[in-house]
Amino acid sequence: MLRRWSLTGLVVVCGLLLARELYIDTSPVAGIVALVASLALAALLSPMAFPRHVSAADAAQRSARDGRAIVYWRPGCRYCLELRIRLGRDARRLHWVDIWRDPAGAAAVRAITGGNETVPTVVLAGQSYVNPEPERLRTLLLNRPAA
């Protein structure tokens, strides 16, 4: 659990320290700006920026039932964050598996990528895509019949 939040915590602590120094040594406004910026960055890097986590087993069952894609991701991954942001509201239609939270999800990614934990890895209709271009994935998602 702590591993998932470690990068977020590090950004918050560094932001607090920087904000304190700027507040005391430079100006209160600079300190407040630094604090707000670091908190915004921490929020983007946190697991909260992603849809609710489901286990790999649940995701596989749900995907088989509804035909939606499974996205394997981990907190702090800039490519996962980029994919999440670029998919926008469509991201909620996918099944998101946090590989740091689910060992079976991490094992699934290693099986797909030949032993690496490269994320984001997307599985859609039995086809795997490692670090797909968001626009390509959006096209694949939109061309699928609704379940």
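In which helix is Ile 32 found? Ile 32 is found in helix α2. The legends below cover the overall fold and several close-ups of this predicted model.

**Figure 1. Overview of the protein chain, with 6 helices and 4 strands.** The model is predicted. Read from the N terminus, the element order is α-α-α-β-α-β-α-β-β-α. The chain has 147 residues, and 37% of them are buried. Among contacts with a separation of 6 or more, 67% join residues 24 or more positions apart. The exposed surface comes to about 8500 Å². Carbon and sulfur atoms supply 59% of that area.

**Figure 2. A nonpolar patch on the surface, formed by Tyr 23, Ile 24, Ile 32 and Val 36.** Together these residues have about 410 Å² of accessible area. Two elements, α1 (2-26) and α2 (28-45), each give two or more residues to the patch. Ile 32 belongs to α2.

**Figure 3. The buried face of helix α5 (residues 103-113).** Gly 105, Ala 106, Val 109 and Thr 113 are buried. Viewed down the axis of α5, the buried residues fall within an arc of 100°, so they line one face of the helix. An α-helix has 3.6 residues a turn, so residues three or four places apart point the same way. On the other side of α5, Pro 103 and Ala 111 are exposed.

**Figure 4. Packing partners of the buried residues of α5.** One helix takes part: α3 (56-66). The strands in the packing are β1 (70-73), β2 (95-98), β3 (121-124) and β4 (127-130).

**Figure 5. The two ends of α5.** At the start of the helix, a side-chain oxygen of Asp 102 comes to within 3.0 Å of the backbone nitrogen of Ala 104. After the helix comes Gly 114. The phi of Gly 114 is positive, near 80°.

**Figure 6. Surroundings of Thr 121 in strand β3.** Thr 121 is buried, and its relative accessible area is 0%. This value lies under the 20% cut-off, which means the residue counts as buried. The side chain of Thr 121 reaches the backbone oxygen of Thr 118 at 2.5 Å. Beyond neighbours within four places in sequence, Thr 121 is in contact with Ile 70, Val 71 and Tyr 72, among others. Its contacts also include Val 109, Ile 112 and Thr 113. Tyr 129 and Val 130 are in contact with Thr 121 too. Of these partners, Val 109 and Thr 113 are among the buried residues of α5.

Definitions and conventions
Residues numbered from 1 in each chain as written. Predicted model: local features only at pLDDT ≥ 70, side-chain atom pairs only at ≥ 80, totals over all residues. Heavy atoms only, no water. Buried < 20%, exposed > 50% of the residue type's maximum accessible area, 1.4 Å probe, protein only. Arc of directions from axis to C-beta. Contact = heavy atoms within 4.5 Å. Polar contact = N/O pair within 3.5 Å; in protein donor to acceptor, adjacent residues only side chain to side chain. Patch = residues over 30% accessible without salt bridge, like charges linked within 9 Å, V, L, I, M, F, W, Y side chains within 5 Å. Areas by Shrake-Rupley, 256 points an atom, 1.4 Å probe, with all protein chains shown as cover. Salt bridge = Lys/Arg side-chain N within 4 Å of Asp/Glu carboxyl O.
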